[in-house]
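Visitor: Hi! I'm new to this one. Could you show it to me and walk me through a few details?

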Amino acid sequence: MTPTTRPGPDRPAGPEGPADAKLGFSTPSGRRRIARIRFGPESRRDPQLPPLIRNALLDDRGQGQRCVQVRLPATDASTPAARTLLDTEAGTALRLHQLVDGTEYVSLFPRLIGYELDTDEPFLLYDPPRGATAARTHVMSATDQRVLTRDLMLALCLLDGQGLVPRGISPATVLWDGTSLQLWGLEGVTRVGRPRSAWGSAPYSSPEQRRGEGLVDSRDAVWSAAQVLYRLVTGQHGHPDRPPADLAEHRVLNETLSEAFAPRAAGRPAPAQLLDLLAPGAARRVALVSPPDETRQDRAVFEQALRAKRQAPPAQPERGRGTGLGESEVLCPYCLETIQLDLGALYVTDSRMQYQPLNLAGVSKLRRQDVMRGAVQKCTADPAFPEHFIPVPYLTYGRPLTVAMVGQSSTGKSHLLTQMIAGITDGGLEPFGLTWQSVNPEQHARFVRERVQPLRNGRVLDHTTALGLDGFARFVESLLITDAHGQVRPVAFFDLGGEDLVRTDTALRFLLGVDALVFVVDPVLALPLPQLDHARERGGVEVNRDGDLAFATVLDRLPKTGPYLEVAATMVLGKADLLRFQSPVDRWLARGPSTALDATLMREESQDVHALLRRHAGQAWLRPFDAIRRCTLHVASATGGQEDQGRYPAGAAPRRVLEPLLSLLAMHGLIDVPGGPEAFARGEGAGWEAVPPGEGPEESEGHGEFGVSGARGAGGPGRERERGGEEK
């Protein structure tokens, strides 16, 4: 909503506030700015919403700059929903700044000066609002009404061109300074095609929007605009569900906006239709403001790479053969030597948590399975390795599916893997017909206690060490995954450093047996974008144009018998919260967790991430995709925000952490996909949707409606509109 206090002759910003304070924030260009600031008195911007607002005076360039600060106090900032609102507002303001700055339309929206969101009290800084709210405007000439109506439709068309819909249009968010309009309420912006959620109040919120029915439509905002204009013309509130009874008495309003009061979106004109009625040709000029698609060549390169992979003959022998393992042998997850079940080497823990030998002679058949699930086997495959024990279920369900995370130590692999496993145990695989069980209950409980719970409570995880091949592979956790057909398979998760890997028999044996790789890209190291400069400065790192050394080391060690490596893989642009206002990352982070494996969306996400890395990071960072035949690309955030002094101010809020694993499970046949795993992995039949029987694809409203869709093209609003569609 719009501010209730504004700098002006009667309310000077700054002098009545506290002593100067120093404030650091990011500017719309991504650069950091540090300035002294003085604040005026504070008030709640909207009685129904948490953000506060106050006048301020910035002074870092020899002269004062008046502004307003919109912020969340610490008590409200601890609520994820409140932070989501501020993120939505920031993302929308940034996207509009990129769109209209330097154009004739710049005055239609609030001008963002800066923002700081990953802190205990997140805030935005704006230029002072321009004009008075429509709620305070009692007399307006017919000429002014026409100009205001035109400006309001211009604003709606600009937003619609980005696939965005403002849900918060009301007399409190429409400002008028006597010559032009300014539209606030950016916290209420959402995307076309998303499920509607209840927002706003009658009569300014459309009937469908108030009820939260159907999908968001650009014509929702047309209803709101028409109600505001009726209020300005008549001084009265309109009817909440149908056209005003006296509409015919107001000739200009009736001729222009009569259909805008239709009870359903399908009966209302689009913003562009109304704009052309008021100013013929204006809608076409507005459309030219959207930047051209600069990703066409990048998308063509991606498609060419997929075609080459599809045309390449599969390597022989197939993956999973030639590892040197017998039918009953598996690799020990600690020493990486081969091991098989030995009923004479089993142990259980006693009341003092000490291992004691297990004698199965007196155990009935009914109890044996339960007893063995909690038992471990002592591994003696490598006498020189420290003493270690393997959970029995790890050895009794066939060869485990080995998933290894690859990346340098700074990439956030530990946080991502922790949230990935937490997502499984929270039931994230159930929509796909998969269930889970811990391989060893005691081991899993320790993992939850030492890793999952601290991270969920907002604590930054320490780098951990465990039994494993030093400098290369660290076993993290293992689970039993049961697919829709009742088949059970152990899934073991490893963390690969890779930087110090040497060509040893043990390391090579592990890589021969690995089934799936997750290459985690650190955007701080990969992308020379200005909004990441502050993170680089804090971490003491620089952009590395040569790619991740761990990627190169692991790829060079993998066996290759054809034009491509045959291991299944995903690439994950991690720490994506750092880029949550950057196209196309914003598009994917705004989506909710997947409940259906949509091949089209997965291909689009791969294409978008590939284009982003190719354009900004360079081909070296795409080496896993280039080298591996079956490789998808994803964005994910393990924490949802940056850490501040060892904690995440809003707690750790993971986004899209399971999507990379879902892709790998589909490639290995644990999730049924039309055409089979190979067709899915090669991007064939991208129009198919893989869903469990009886389920359908579902578009979930995301953790945050950032409203910052990128330019038309990969990840742009056109594709979002195609999938969501407008209400008919």
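Guide: Happy to! A disulfide is a pair of cysteine sulfur atoms within 2.5 Å. This is a predicted model, where local features need pLDDT of at least 70, side-chain atom pairs count only at pLDDT 80 or more, and totals for chains, interfaces and linings use all residues. Residues are numbered from 1 along each chain as its sequence is written, and side-chain values use heavy atoms, with hydrogens and water left out.

Visitor: How many disulfides does the structure hold?

Guide: Zero.

Visitor: Why is there no bond at Cys-379?

Guide: Because its closest cysteine sulfur, in Cys-335, is 3.8 Å away, too far for a bond.

Visitor: And is Cys-379 buried or exposed?

Guide: Buried, at 5% relative accessibility. Buried means under 20% relative accessible area, exposed over 50%, and partly exposed in between (1.4 Å probe, protein chains only).

Visitor: Switching topic: in what order do the four strands of the open sheet come?

Guide: The order is 15-14-16-17, with antiparallel pairing. Strands (E, at least two residues) and helices (H or I, at least four) are DSSP runs, numbered from the N terminus, and two strands pair if DSSP finds at least two bridges between them.

Visitor: Which are the edge strands?

Guide: Strand 15 (355-357) and strand 17 (389-391), each pairing on one side only. Three bridges join strand 14 (residues 346-349) to strand 15, and Tyr-347 stands opposite Pro-357 there.

Visitor: What about helix 13, which residues are buried?

Guide: Among them are Gln-443, His-444, Phe-447 and Arg-451. After helix 13 comes Gly-458, with a positive phi near 95°.
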